[in-house]
Amino acid sequence: MPLKRRLVLAVGAVLVSPLISQAAAAEPAAGTINYQSKAGPIVIKVAHVYLIKGPDAVTGKTIRELVFAPADISAKVQSCTTISCVSGNLTDGMTVDFDAGPRLNYWVVANGQKVQYSGTAKPDASVKLTADTPERLAGT
């Protein structure tokens, strides 16, 4: 089933490094994730975004991951020491990996992780960044 992506990041995300002790804070975001599942359409209204930085589980290379969520999961993000821990605590939303390779890796999760979809996308065709630093990603 094709993913119908329509997600708008309204402001930049705050760096939350799972390897460095910092307070996890949700940044406001605006947009929706639309996915056509076998059971019907799923719409997730995104309200919060996090920028996570740490080693990729496969390559060990430091990557940045944006985590989009409808609810504030700051406490769960703050308690994690790995990027996969953050993903494991996301029951509805989307993650997008930057710096993992030439394409963006994404994962959409809904209905308490009962629905999951992942894939890759070309960065230039998918994301329009207005800020791209190790500590900040912003754009649409």
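## Briefing on a predicted single-chain model

Among contacts between residues at least 6 apart in sequence, 47% join residues at least 24 apart in the chain. The model is predicted. Its chain holds 3 helices and 10 strands, and buried residues account for 40% of its 140 residues. The points below cover the overall architecture, the nonpolar cores, the aromatic pairs, the disulfide and the surroundings of lysine 128.

**Overall architecture**

- Along the sequence, the elements follow the pattern β-β-β-β-β-α-α-β-β-β-α-β-β.
- The chain exposes about 7300 Å², and carbon and sulfur atoms supply 55% of that area.

**Nonpolar cores**

- The largest nonpolar core comprises 20 residues; Leu66, Phe68, Met94 and Val96 are those with the most contacts inside it.
- Two or more residues of this core come from each of S3, strand S4 (40-55), strand S5 (62-69), strand S6 (93-98), strand S7 (104-110) and S8.
- The element that gives the most to this core is S4, with 5 residues.
- A second core, separate from the largest one, has 13 residues, including Tyr50, Ile52, Leu90 and Val109.

**Aromatic pairs**

- A search of the whole structure yields 2 aromatic pairs.
- In the pair formed by tyrosine 35 and tyrosine 117, the ring centres are 5.4 Å apart and the planes meet at 40°. The pair is therefore tilted, because that class takes in plane angles that are neither under 30 degrees nor over 60.
- This pair links distant parts of the chain: tyrosine 35 belongs to strand S3 (residues 27-37) and tyrosine 117 to strand S8 (residues 115-121), with their positions 82 residues apart in sequence.
- Tyrosine 35 has a relative accessible area of 10%, so this residue is buried; the limit for that class is under 20%.
- Tyrosine 117, with 24% relative accessibility, counts as partly exposed.
- Ring pairs join Tyr35, Tyr106 and Tyr117 into a cluster.

**Disulfide**

- The count of disulfides comes to 1. A disulfide is a covalent bond between the sulfur atoms of two cysteines.
- The partners are cysteine 80 and cysteine 85, whose sulfur atoms are 2.1 Å apart.
- The torsion about the S-S bond of cysteine 80 and cysteine 85 is about -65°, so the disulfide is left-handed.
- Cysteine 80 is buried at 4% relative accessibility, whereas cysteine 85 is partly exposed, its relative accessible area being 26%.

**Surroundings of lysine 128**

- Lysine 128 is located in the loop between helix H3 (123-126) and strand S9 (129-133).
- A polar atom of the lysine 128 side chain lies 3.0 Å from the backbone oxygen of aspartate 124.
- With neighbours within four places in sequence left aside, the residues in contact with lysine 128 are Ala138, Gly139 and Thr140.
- For one of these residues, alanine 138, the C-alpha to C-alpha distance from lysine 128 is 8.4 Å, and the two residues are 10 residues apart in sequence.

Notes
Residues are numbered from 1 along each chain as its sequence is written. This is a predicted model: local features need pLDDT of at least 70, side-chain atom pairs count only at pLDDT 80 or more; totals for chains, interfaces and linings use all residues. Side-chain values use heavy atoms; hydrogens and water are left out. Rings of Phe, Tyr and Trp (its six-membered ring) pair if their centres lie within 6.5 Å; planes under 30 degrees apart count as stacked, over 60 as edge-to-face and the rest as tilted. Helices (H or I, at least four residues) and strands (E, at least two) are DSSP runs, numbered from the N terminus. Buried means under 20% relative accessible area, exposed over 50%, partly exposed in between (1.4 Å probe, protein chains only). Contact means heavy atoms within 4.5 Å. A polar contact is a pair of N or O atoms within 3.5 Å; within protein, one must be able to donate a hydrogen and the other to accept it, and residues adjacent in sequence count only if both atoms are side-chain atoms. Accessible areas come from the Shrake-Rupley method with a 1.4 Å probe; for residues, only the protein chains shown count as cover. A nonpolar core is a set of buried Ala, Val, Leu, Ile, Met, Phe, Trp, Tyr and Cys residues joined through side-chain atoms within 4.5 Å. A disulfide is a pair of cysteine sulfur atoms within 2.5 Å.
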